[in-house]
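Reader: Could you take me through this structure step by step?
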Amino acid sequence: MAFGDPDDPNWPCQQRKVPELSLGAVWTGPDISAHTATWRDDKETRDLVGLLAARRTTLDEAQAAIDAFAERAAGARNEKMISLFAGLYSTLDIERSDVMNGIDRFARKQREMAAELRKRTSAIDKMRDAPDADPMAINAAYDELNFETRVFGDRQRSLTFVCEVPVIIEQRTFRLGKMIADKISTD
């Protein structure tokens, strides 16, 4: 199986491993650096960031919330919108990094489990080849090995879905960033 990152051969996903969201890939608005440390100071911004970051919030619901937030911001709209995106970007980048770290842990555990399964297979083969082999013990060991192999396979199949989560977060960040940037006046 070919992996998505030649720089990290242990990365289990087809996508290249990119530890952090690229700001330029998800944001076309003004510089957010002045707001990265201050967006939490405003309760309404904090609350909206939490709502928007939640994947259970549909994009239609997010658009309505962004529209209402922009309307309430009135004369401070641009600053509020930039601050909102700074918070959203920060929050989703951390969430994505947590997911990426989880994928790394998952892959490491799968590699360890694969090594253990190989070891157990070898041990069962030795049991079977022994002159005083106990067929009942061999069958029990095979049954246990088959069960563990099925668990390993199920986990491996779930990896496809797990690997999509960082992509989903990145796509969501881009779409929300566009919605927010559209509310910034360029006058």
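Author: We begin with the whole chain and then turn to a helix pair. This is a predicted model, in which local features need pLDDT of at least 70 and side-chain atom pairs count only at pLDDT 80 or more, while totals for chains, interfaces and linings use all residues. Residues are numbered from 1 along each chain as its sequence is written, and side-chain values use heavy atoms, with hydrogens and water left out.

Reader: How many helices and strands are there in the protein chain?
Author: The protein chain has five helices and zero strands. Both are DSSP runs numbered from the N terminus: helices are H or I, at least four residues, and strands are E, at least two.

Reader: What does the C-alpha trace span along its principal axes?
Author: The C-alpha trace of the protein chain spans about 85 × 30 × 25 Å.

Reader: At what angle do the axes of helix 3 and helix 5 cross?
Author: The axes of helix 3 (residues 59–73) and helix 5 (residues 135–181) cross at roughly 30 degrees and come within 10 Å. Axes are lines fitted to C-alpha atoms, for helices over the stretch in contact, and angles run from 0 to 180 degrees between N-to-C directions. Helix 3 is therefore roughly parallel to helix 5 (angles under 35 degrees count as roughly parallel, over 145 as roughly antiparallel, 65 to 115 as roughly perpendicular and the rest as oblique).

Reader: Which residues make the contact?
Author: Helix 3 contributes Leu59, Ala62, Gln63 and Ile66, and helix 5 contributes Arg172, Arg175, Leu176, Met179 and Ile180. Contact means heavy atoms within 4.5 Å.

Reader: New topic: where is alanine 74 found?
Author: Alanine 74 lies in the loop between helix 3 and helix 4 (77–129). Alanine 74 has a positive phi of about 45 degrees, although it is not a glycine.
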